[in-house]
Amino acid sequence: MSESTENARLIVRALTMDDLDAIQQLHGKCFPSITTWTRNELASHIKIFPEGQIGIELDGELVATSSSLIVHGEDYFGDHTFAEVSDDGMLTRSHEPTGDTLYGIDIAVDPETRGFRLARRLYDARKELAVELNL
């Protein structure tokens, strides 16, 4: 970023349906060579497990996101694919509210804000969630 972040206002918060466009734009910026989540997939994540979808705003702009779900850990200790754990992006069959493990399936940090420890903040938020949900 060209502006100083010294007085920037940083907010770690749950993602909402109002964030879908911003999430897609951020993912496109972070991963230009891969297909990003669709609006339908992102909406599914938020609907199925809202607490596990975390965003960071810097001065009102979404600059980092992470997506998680709950699984039964023993189901994913061995070999498995991203499509299996993400239920092909929808989480409908793979998210298990009664599971014992928080599984992070996505993280994105705007390239212009890398070095600001935003990924660390996302991981800290995930750790807090895991403790809060006894995972």
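The side chains of aspartate 21 and arginine 39 form a polar contact at 2.5 Å. The model is predicted. Aspartate 21 belongs to helix α1. Its relative accessibility is 46%, so aspartate 21 counts as partly exposed. Arginine 93 lies 72 residues from aspartate 21 in sequence. In space, the C-alpha atoms of aspartate 21 and arginine 93 are 25 Å apart.

The contact between aspartate 21 and arginine 39 falls within a helix pair. Helix α1 spans residues 20-30, and helix α2 spans residues 39-48. Their axes are 10 Å apart and pack at an angle of about 120°. The crossing is right-handed. On the α1 side, the contact involves Leu20, Asp21, Ile23 and Gln24. These meet Arg39, Leu42, Ala43 and Ile46 of α2. By type, the residues of this contact comprise five nonpolar, one polar and two charged.

The strands form an open sheet. Four strands are arranged in the order β1-β2-β3-β4, with antiparallel pairing. Strands β1 and β4 (101-109) are the edges, each pairing on one side only. Neighbouring strands are turned by 20° against each other on average, direction ignored. In general, the strands of a sheet pair through backbone hydrogen bonds, in parallel or antiparallel fashion.

Strand β2 covers residues 53-58. Strand β1 (residues 10-14) pairs with β2 over five bridges, in the antiparallel sense. Two bridge partners illustrate this register. Alanine 14 is matched with isoleucine 54 of β2, and arginine 13 with glycine 55 of β2. Strand β3 (residues 61-71) also pairs with β2 in the antiparallel sense, over six bridges. Here isoleucine 56 stands opposite alanine 64 of β3. The hairpin of β2 and β3 has two residues between the strands. Within this hairpin, aspartate 59 takes a positive phi near 50°.

Burial of β2 is extensive in number: six of its six residues are buried. In a regular strand, side chains alternate between the two faces of the sheet. Both faces of β2 are covered. Gln53, Gly55 and Glu57 are buried on one side. Ile54, Ile56 and Leu58 are buried on the other.

Two helices lie across strands of the sheet. Helix α1 lies across β3 and β4, and runs at about 95° to β3. Helix α4 (residues 118-132) lies across β1, β2, β3 and β4. The angle between α4 and β4 is about 160°.

Technical notes. Residues numbered from 1 in each chain as written. Predicted model: local features only at pLDDT ≥ 70, side-chain atom pairs only at ≥ 80, totals over all residues. Heavy atoms only, no water. Axes fitted to C-alpha atoms, helices over the stretch in contact; angles between N-to-C directions. Left-handed = near helix turned anticlockwise from the far one by under 90°. Contact = heavy atoms within 4.5 Å. Nonpolar A, V, L, I, M, F, W, Y, C, P; charged D, E, K, R; others polar. Buried < 20%, exposed > 50% of the residue type's maximum accessible area, 1.4 Å probe, protein only. Polar contact = N/O pair within 3.5 Å; in protein donor to acceptor, adjacent residues only side chain to side chain. Pairing = 2+ DSSP bridges.
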